[in-house]
Every structure is written in C-alpha cells, then in structure tokens.
Amino acid sequence: MAWKLDGKLAIVTGCASGIGLTTTRLYLEAGATVFGIDISTFPEPSPIPRALCDNFHFHKADLTAPGACDDSVAACLSKTGKKIDVLANVAGIMDAFEAVHKTKDTTWDRLISVNTTVPMKLMRAVLNEGGMLEQKSGRIINVASKAGLSGAAAGFAYTASKHALIGMTKHAAWRYRHDGIRTNAVCPGGVPTNIKDSIHKENFDQESLDTLTPFHRLNHARDGGQSISTADIANVILFLSVEASRNVNGVIVPVDNAWSAC
Ligand SMILES: NC(=O)c1ccc[n+]([C@@H]2O[C@H](COP(=O)([O-])OP(=O)(O)OC[C@H]3O[C@@H](n4cnc5c(N)ncnc54)[C@H](O)[C@@H]3O)[C@@H](O)[C@H]2O)c1
C-alpha cells in the first residue's frame, strides 16, 4: 500500500499534455481519483485506459483567469464529494529565452502568472477549502525546472518563475511539517512535450539562447541524443505523492541525468 493512492483524490494541472498527462495516468493506475485541469481540451480519443476513465474528471479552465483557481478547487470538491489529498502543480509555459534587457512586461506577467501565481493560489486553496489543513494530511508536488536551480537553462522570466516556485516549496514544507502536509518539487531537464508551443516566437532571443547552448548540448550529448521522457518525471512525482516517501519533505529533485550536477 505504501506505493498506492487507493481512495485518494488528486488534482493535476496541465493534465492535457506532456508531464501532466503522464502523471494523471500514473495516478489513476495507482488507484487515485484524478481531477485534471487544463486550459486546453483533453485529447481525443482519450489516452486514459477505459478501465480507469470512471476515476478521471476533466475540468477545462484558464487557471490565470480571476477566481479560476478557487473555482476549480470548488468544482473538484463538489464533483467528487471528497477532500483533496494530492495537488500536482504541473501546468507551465516557457518564455522565449529573453535576457532581462529584452523582457517585455507582458512576458514577465504571463510567466509569473502561470508558473508561480497559479501554483500559489492552488496551494492556498487545497490547504484551506480543499481540507488539507483540516484533515492534517496532504501532498503537494510542484513541477519546477532545471531553470529553477540555475541561471543558464532558460530566459530571465522563466528562470525567475521557477526559482520562486522552489522557494514556495521549501517554505510550505517547513511551515506545515507538523501538520501532515508534505511539499516537494521536481526539476525536469529537457523533455520533449508541447511546451515549445508556448514560446512566443516573435520575442525569440537567439543571442541569449546562444549563451545557453553549451549547457543544452552537454545535456543532449549525455543522453546520447535521447531526451528524458515524461514518464521519468511522472514516476518521481508519483513517488513524492505516496506513503513510501512519507519522510521526504521540502526536497527539490532534479530529473535531468546529471545536468544540474555540472
Ligand atoms: N518539457 C520540458 O523540457 C520541461 C523542462 C523543465 C520543466 N518543465 C515543466 O514541466 C511542466 C509541464 O510542462 P510540459 O513540458 O509537460 O508542457 P506541455 O505544454 O506539454 O504541458 C503543459 C500543460 O499546461 C497547460 N497550461 C498552460 N497554461 C495553462 C493555464 N493558464 N491554465 C491551465 N492549464 C495551462 C497547457 O495547456 C498544457 O496542457 C511545466 O511546469 C514546465 O515548466 C518542462
């Protein structure tokens, strides 16, 4: 049972694609009920195996819209009639590798809103209305990035948004350590997903990207040209969600095949 989520209710943001979609599937296979949220439509035909569909609820929402995080948690509670056990903050977007002197207000606001403010609002909502503080139990997993650990993996705004997410993770872990609530973060390296579609090409900062590419090349060379898979990330998210990791709290786990070790 230490590796299962039987009877647990999990919210997964960004469930329609990439790491969020794979996490949703692993949670369902582990026995959880999943309330998945995404701004995009869920893929058709559904990649969720038929036998698991009854435990999956999809909620379409732009989580940056006013009130959307609270409304989504309220919808989860009323749809399932349960308190929330797990929150996986997976939804995220990329900048266009802009250095700070080229960062537009719109880019900054968009990145901070999706990557930092939405996770904060959802953490607050699951702790309060979602019942984690009341039931003295909960697991929160924030998907940050290699760019949350160093300054050489993305643009200025993305880097700032993910560094903030790591600080939020550590603060919550420490603050609620006696309340049965654990908060951890996962930092993927480069994973082939749809996240590249969130890059605003008109803002692309090739000059800044050129200063980062030695690190990217190193990463890909180390992988033998093969990138890290969404399952590699989702497996760690699952581990941080189950009882087997019960004393793992406040850790930041890179899943990047040693990229962050260089
Ligand atoms: N792919 C990588 O190389 C990589 C590396 C490091 C970190 N990450 C992080 O992993 C997480 C998942 O990204 P992914 O690679 O699976 O990308 P993805 O684009 O495949 O999936 C992200 C999902 O988030 C959703 N989303 C975006 N904005 C939203 C909003 N406002 N409201 C609701 N949903 C929204 C998108 O529709 C999408 O389905 C992100 O937080 C990303 O920063 C990815």
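**Ligand site and backbone geometry**

In this predicted model, the ligand sits in the largest pocket, for which a volume of about 1300 Å³ was computed. The lining of this pocket comprises 50 residues, of which Gly92, Met94, Thr193, Ile195 and Lys196 are the closest to its centre. Classification of the lining residues gives 24 that are nonpolar, 19 that are polar and seven that are charged. Four helices, namely α1 (18–29), α3 (105–127), α5 (156–175) and α6 (206–222), each supply at least two residues of the lining; among the contributing elements, α3 gives the most, with four residues.

The shell around the ligand itself consists of 28 residues, and within this set Ser17, Asp38, Tyr158, Val191 and Thr193 come nearest to the ligand. Thr193 thus appears both among the residues that come nearest to the ligand and among those closest to the centre of the pocket. With respect to class, the shell divides into 14 nonpolar, eleven polar and three charged residues. Helices α1 and α5 each supply at least two residues of this shell, and each of these helices also supplies at least two residues of the pocket lining.

Polar contacts to the ligand involve both side-chain and backbone atoms of the protein. A polar side-chain atom of aspartate 38, one of the residues that come nearest to the ligand, is placed 2.6 Å from a ligand oxygen atom. For aspartate 62, the contact is instead with a nitrogen atom of the ligand, which lies 3.0 Å from a polar side-chain atom of this residue. Valine 90 takes part through its backbone, a polar atom of which is 2.8 Å from an oxygen atom of the ligand. Of the 820 Å² of accessible area that the ligand has on its own, 92% is covered by the protein.

Two features of the backbone geometry were also noted. Most residues other than glycine have a negative phi, and most peptide bonds are trans. Against this background, the peptide bond from glutamate 44 to proline 45 is cis, with an omega near -5°, and proline 45 is located in the loop between strands β2 (33–38) and β3 (56–60). Asparagine 257, although not a glycine, has a positive phi of about 50°; this asparagine lies in the segment that comes after strand β7 (252–255).

Notes. Residues are numbered from 1 along each chain as its sequence is written. This is a predicted model: local features need pLDDT of at least 70, side-chain atom pairs count only at pLDDT 80 or more; totals for chains, interfaces and linings use all residues. Side-chain values use heavy atoms; hydrogens and water are left out. On a 1 Å grid over the protein atoms alone, a cavity is a set of points where a 1.4 Å probe fits but cannot get out, and a pocket is an open set with protein on both sides within 12 Å along at least five of seven lines; lining residues have an atom within 4 Å of a point. Grid points are joined across faces, edges and corners, and a volume is the space filled by probe spheres set on the points. Ala, Val, Leu, Ile, Met, Phe, Trp, Tyr, Cys and Pro count as nonpolar, Asp, Glu, Lys and Arg as charged, and the others, Gly among them, as polar. A residue is near a molecule or strand if one of its heavy atoms lies within 4 Å of it. A polar contact is a pair of N or O atoms within 3.5 Å; within protein, one must be able to donate a hydrogen and the other to accept it, and residues adjacent in sequence count only if both atoms are side-chain atoms. Accessible areas come from the Shrake-Rupley method with a 1.4 Å probe; for residues, only the protein chains shown count as cover. A molecule sits in a cavity or pocket if more than half of its atoms lie within 2 Å of its grid points.
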